[in-house]
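The following exercises concern the contact between two protein chains. Please examine the sequence and the structure before working through the solutions.

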There are 2 protein chains.
Amino acid sequence: MAKKRRSAARQTRHKTSVACLRRLPAYLQMLRSLQNEGREYVSSNVLAGVHHLEPVIVRKDLAATGIVGTPRLGFRIKELIAAIEHFIGWDHRTKGVLVGCGNLGSALLGHRRFNTLGLEIVGAFDHDERKVGRLIHGLPVMPMTKLAKFVRTRNVTLGLLTIPASSARDTASYMVRSGIRGIWNFAPVKLDMPDDVIVQKEDLAEGLAVLVHHMSHKAAASSRNLN
Amino acid sequence: MAKKRRSAARQTRHKTSVACLRRLPAYLQMLRSLQNEGREYVSSNVLAGVHHLEPVIVRKDLAATGIVGTPRLGFRIKELIAAIEHFIGWDHRTKGVLVGCGNLGSALLGHRRFNTLGLEIVGAFDHDERKVGRLIHGLPVMPMTKLAKFVRTRNVTLGLLTIPASSARDTASYMVRSGIRGIWNFAPVKLDMPDDVIVQKEDLAEGLAVLVHHMSHKAAASSRNLN
DNA sequence: TAGATTGTTAATCGATTAACAATC
DNA sequence: TAGATTGTTAATCGATTAACAATC
């Protein structure tokens, strides 16, 4: 029986699928609000309501975090929150610097939700000297020349890249040379980085393409019936 | 032979995968810059460089748009751009209204790249009366009470939802009652909508979870070798 | 105990990759 | 023609779903 139990935890060794990782934050959000309501246990069935998921998918995802539930009761919410946070890496704060204080960059600097997501933006940088010194949501914009020292003394590992496509590649290299190990890339450019640097690309165009295609297609589908 | 040719175009009828749709914008971006360089043809091999893709994936994706290439030459860039834009629905402007002029909303209002992506935000709205009347990136913020009439007279089909989670659901319903057919949802909430309304959810937490997990895991992987 | 819910194994589905014939 | 590149069919892979035994 003890052997059985360990097997669930061992799943952690399987390479976790990106699909699973992307679903975990939604569970977390729901779990927190259930916890605020004073509930103690939750079933995979309830959690599945967070999107349009099958309960068995939820159980598979949760198993990946090493958590074990109780038949008839479900999962202990408190335990589950801790397990998911630990699994993602949100149980400790990750410090990040933001490079590129334009529209999007400024918005991210003011994004309070990051507090809930284990991310703390501790420094803002920009190439543009005219922006240097300004306060954006309480953070002073610093010149790029101070990046390397800042990253080292503050022990920052993550960088948010929010500059135009043209200079994104050079800036990213500079960030990595400064000690950054992971880049959240909001520029519409593919970054070629050494293997030990993690890059996560974020591109609004992707979601918009899916949305607009579905909208045009839905319209097409109904008018096609006229044939 | 003519029959063979038509079969490629016929692929359009297959339900297109979301994965494919998400890749198309990146091809488009590269195609445009190749066109600016004056090139006329491109191979699937070159396009594959846009991410870390296999050329055969690119050919499959392009086939979904109905385009047909030429052996040895590749694809005519001009034709290909038109085909992708048409397929996604970016060959005609989609008009959108933005609801929620906070940090993120303001940033999106100033996001010039949407011009390239067939999206034109023609109106900005907010619940907060104090924001009404302000100009954000040239657009005046309007009160929610004017939404329905605006949507109808301007023939707007798309809505960008950038308000806090708490009121997102109610606001979304109101948008749909006002005539909106598609919602680009930036609030961390699942929206339950009638089947004929398309919802595309955008959640930064997903990408961040993937990034942070990979970063922690990479670190764990190297330190694990010490055992 | 009976019943609800978990965890696991097997089946299905769809997307990616491999292999290769067609063709300019 | 020879060779590069396309388009297609078959094989592989991985994720989702179905089925069900385990268990509180």
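**Exercise 1: Polar contacts and the elements involved**

Determine how many residue pairs are in polar contact between chain B and chain A, and which element of chain B gives the most to the side that touches chain A.

Solution. Between chain B and chain A, 18 residue pairs are in polar contact, both residues at pLDDT 80 or more; such a contact is a pair of N or O atoms within 3.5 Å, one able to donate a hydrogen and the other to accept it, and residues adjacent in sequence count only if both atoms are side-chain atoms. Next, the elements of chain B that each supply at least two residues to this side include helix H2 (18-36), strand S8 (182-185) and helix H9 (204-224). Helices (H or I, at least four residues) and strands (E, at least two) are DSSP runs, numbered from the N terminus. H9(B) gives the most, with 14 residues.

The model is predicted: local features need pLDDT of at least 70, side-chain atom pairs count only at pLDDT 80 or more, and totals for chains, interfaces and linings use all residues. Residues are numbered from 1 along each chain as its sequence is written, chains are lettered from A in the order in which they are written, and side-chain values use heavy atoms, without hydrogens and water.

**Exercise 2: Salt bridges**

State how many salt bridges join chain B and chain A, and describe one of them.

Solution. The count is 4 salt bridges, each a side-chain nitrogen of Lys or Arg within 4 Å of a carboxyl oxygen of Asp or Glu. In one of them, Arg22(A) meets Glu206(B) at 3.0 Å, N to O.
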